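Work through the exercises below with the sequence and the model side by side. Try each task before reading its solution.

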Amino acid sequence: MPGTLAGEELIGMEPASNFAFEMSYCGSPPQMETLWTRWNFEPLLLSVLLIAAFAGSATLRNAGASRQWSFSAAWLGAAVLFISPLCALTVALFSARVGHHIALTMGVAPMLALALPPAWGRHLNLLPTLVVSTIALWIWHAPDIYAASFTHPAIYWLMQFSLLTSFTAFWLSLLRAENAVGVGVAALSGAMQMGLLGALLVFAPGPLYLPHLATTAGFGLVPLEDQQLGGLIMWVPANLPLLALVLWRLIVMLQPAQRVSPR
């Protein structure tokens with residue numbers, strides 16, 4: 001671990017130290033020793049989660065077991081993301097915020113898509129859902145817009161909501177579309193754009209995100225290392241669900257059609 005910050009990081013430390021976290025939804029940046037005390041039991045969040053649980057259970061009471069389990073997994077994943085100390089950790093580390101976004105878009109979103117009526121996916125077009133989810137991902141990782149998400153809870157929740165809904169629609173179109181070739185191309189395109197964004201973050205010459213210039217030291221990272229770690233998360237593991245979907249579709253395509261035995 002480097003003992004000093006790079007020159008570019010030192011230049012950014014003074015304005016970074018003045019970055020205000022008073023309106024940050026997840027609070028101020030935690031330290032390693034206080035992280036596990038930073039559970040988020042905000043009444044409004046808990047109320048929304050409880051309402052979602054009751055509404056989902058009531059809506060899916062006559063649905064198949066797979067849809068019910070998928071909704072339960074999506075709900076549990078969302079609860080962990082926003083209640084656990086991971087919420088606070090995303091204020092200190094860019095890599096934690098990236099991991100949070102990936103868990104939301106590559107974990108919660110596909111589970112929620114599987115819980116929705118299959119017919120909805122057959123009415124969605126692959127290209128628009130790919131474009132909208134890509135735009136949402138890139139916009140919220142533009143440095144200035146990313147920094148704005150720390151300045152007011154409304155912006156924070158707009159970010160989370162837009163990422164979740166756009167990627168749920170994308171996954172719904174991927175999982176339910178009948179055009180296997182189109183699904184493969186769309187999934188590969190989604191993986192490629194996410195990998196490109198991750199690579200840009202890994203190879204950036206300096207740290208890009210003002211909120212984290214003075215918050216990473218307590219976790220043994222300098223800002224550029226934290227940014228590179230976030231880029232690696234987006235570049236490699238984030239793409240695994242999409243690549244697994246491509247592989248599954250390829251296997252289905254290559255399977256010979258079942259012959260109907262004569263009677």
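## Exercise 1: Fold inventory

**Task.** State which elements the protein runs through from the N terminus on, and count helices and strands.

**Solution.** From the N terminus, the order of elements is α-α-α-α-α-α-α-α-α-α-α-α. The count is 12 helices and 0 strands. Keep in mind that this is a predicted model.

## Exercise 2: Overall dimensions

**Task.** Compare the radius of gyration of the protein with that of a compact globule.

**Solution.** Step one: take the chain length, 263 residues. Step two: apply the globule rule, 2.2 Å times the number of residues to the power 0.38. For this length, a compact globule would have a radius of gyration near 18 Å. Step three: compare. The protein has 20 Å, which agrees. For the extents, use the box along the principal axes: the C-alpha atoms fill roughly 80 × 40 × 30 Å.

## Exercise 3: Burial, contacts and surface

**Task.** What share of the residues is buried, and what share of the contacts joins residues at least 24 apart?

**Solution.** Buried residues make up 46% of the 263. For contacts, consider pairs at least 6 apart in sequence; 80% of these join residues at least 24 apart. Now turn to the surface. The accessible area is about 13600 Å², and carbon and sulfur atoms account for 72% of it.

## Exercise 4: Charges

**Task.** Count the charged side chains of each sign and give the distance between the centres of the two sets.

**Solution.** There are 9 positive and 10 negative side chains. The centres of the two sets lie 35 Å apart.

## Exercise 5: The disulfide

**Task.** Find the disulfide, give its handedness, and say where its two cysteines sit.

**Solution.** The structure holds 1 disulfide. Its partners are Cys 26 and Cys 87, with sulfur atoms 1.9 Å apart. The pair links distant parts of the chain, 61 residues apart. Cys 26 is in the loop between helix 1 and helix 2, while Cys 87 belongs to helix 4 (residues 86-92). Next, handedness: the torsion about the S-S bond is about -75°, so the disulfide is left-handed. Last, burial, for which the cut-off is under 20% relative accessible area. Cys 26 has 10% and counts as buried. Cys 87 has 1% and is buried too.

## Exercise 6: A loop residue

**Task.** Is Glu 22 buried or exposed, and where does Glu 22 lie?

**Solution.** Glu 22 is in the loop between helix 1 (7-17) and helix 2 (43-59). Exposed means over 50%. Glu 22 reaches 66% relative accessibility, so Glu 22 counts as exposed. As a distance check, take Val 98: Glu 22 and Val 98 are 76 residues apart in sequence and 22 Å apart in space, C-alpha to C-alpha.

Key:
Residues numbered from 1 in each chain as written. Predicted model: local features only at pLDDT ≥ 70, side-chain atom pairs only at ≥ 80, totals over all residues. Heavy atoms only, no water. Helix = DSSP H or I, 4+ residues; strand = E, 2+ residues; numbered from the N terminus. Buried < 20%, exposed > 50% of the residue type's maximum accessible area, 1.4 Å probe, protein only. Contact = heavy atoms within 4.5 Å. Areas by Shrake-Rupley, 256 points an atom, 1.4 Å probe, with all protein chains shown as cover. Lys, Arg positive; Asp, Glu negative; His and termini not counted. Charge placed at Lys NZ, Arg CZ, Asp CG, Glu CD. Disulfide = S-S within 2.5 Å.
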